[in-house]
Amino acid sequence: MNLLRLLPVLLSFLLVAAHFSRADNGPLVVVSLVFPLILLLPRPWVARVTQLLLILAGLEWVRTMVALASMRQEAGEPWIRLAVILGGVALFTMASALVFRSAALRARYTGEPPLEGDRDS
């Protein structure tokens, strides 16, 4: 069941790997594809590092959105659809960091039992 909870995280890393692949940045492609394997380790730092990387990946999407939108604006091409799509991808990537707030994933990565009243365990 935790695999289902981690799907947004895995998809976010896959999307950012595709982004880095398009930019011909091989080392970051490899990191983006291999890093999710660390999620197999039930350690508190794993969740925190993953959250940090997801926030950084979201900021990379925002940076890319701004750069591409301004290039399109300067060329007189439409840019709003690009901004909406990349903004959505950035939001999804950053929101993926919130999956670690679920009781089941908190329990897995901190070793603490779910709190009474937590229903998603």
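Helix H3 gives the most to the lining of the second largest pocket in this predicted model, supplying 4 residues. At least two residues each come from H1, helix H2 (26-34) and H3. The full lining is made up of Phe13, Val16, Phe20, Leu28, Val31, Ser32, Phe35, Leu53, Leu56, Ala57 and Glu60. Sorted by character, these residues comprise 9 nonpolar, 1 polar and 1 charged. The space they surround has a volume of about 170 Å³.

One name in that lining, Glu60, deserves a second look. Glu60 belongs to helix H3. Is this residue buried or exposed? Its relative accessible area is 16%, and because the cut-off for burial is under 20%, Glu60 counts as buried. Leaving aside residues up to four places away in sequence, Glu60 touches His19 and Phe20. Phe20 also appears in the lining of the second largest pocket, while His19 appears in that of the largest pocket.

The largest pocket holds about 210 Å³ of space. Its walls are formed by Ala18, His19, Arg22, Ala23, Trp61, Thr64, Leu68 and Leu86. H1 and H3 are the elements that give two or more residues to this lining. In terms of character, the lining divides into 5 nonpolar, 2 polar and 1 charged. A picture of such pockets comes from a simple idea: rolling a probe the size of a water molecule over the atoms shows where empty space is left.

Leu86, from the lining of the largest pocket, leads on to helix H4, where Leu86 is one of the buried residues. How far apart are the end C-alpha atoms of helix H4 (residues 80-95)? They are 22 Å apart, which agrees with the 22 Å that the 16 residues should span at 1.5 Å a residue. The buried residues of H4 are Leu82, Ala83, Leu86, Val89, Ala90 and Thr93. They cover an arc of only 135° around the axis, so they lie on the same side of H4. The spacing of such residues follows a general rule: an α-helix has 3.6 residues a turn, so residues three or four places apart point the same way. Turned away from the buried side of H4 is a face that carries the exposed residues Ile80, Arg81, Val84 and Leu91. And what covers the buried residues of H4? Helix H1 (2-22) and helix H3 (44-75) are included in that cover.

Helix H5 (residues 103-110) can be read in a similar way. Its buried residues are Ala103, Ala104, Leu105, Ala107 and Tyr109. H1 and H3 are among what covers them. After H5 comes Gly111, with a positive phi near 80°.

Stepping back to the chain as a whole, the secondary structure comes to 5 helices and 0 strands. Read along the sequence, these follow the pattern α-α-α-α-α. Along the principal axes, the C-alpha atoms fill a box of roughly 55 × 30 × 20 Å. Of the 121 residues in the protein chain, 34% are buried. How do the contacts link the sequence? Among those between residues at least 6 apart in sequence, 61% join residues at least 24 apart.

Technical notes
Residues numbered from 1 in each chain as written. Predicted model: local features only at pLDDT ≥ 70, side-chain atom pairs only at ≥ 80, totals over all residues. Heavy atoms only, no water. Expected span 1.5 Å × (residues − 1). Buried < 20%, exposed > 50% of the residue type's maximum accessible area, 1.4 Å probe, protein only. Arc of directions from axis to C-beta. Contact = heavy atoms within 4.5 Å. 1 Å grid on protein atoms, 1.4 Å probe; cavity = no way out; pocket = protein on both sides within 12 Å on 5 of 7 lines; lining within 4 Å. Points joined across faces, edges and corners; volume = space filled by probe spheres on them. Nonpolar A, V, L, I, M, F, W, Y, C, P; charged D, E, K, R; others polar.
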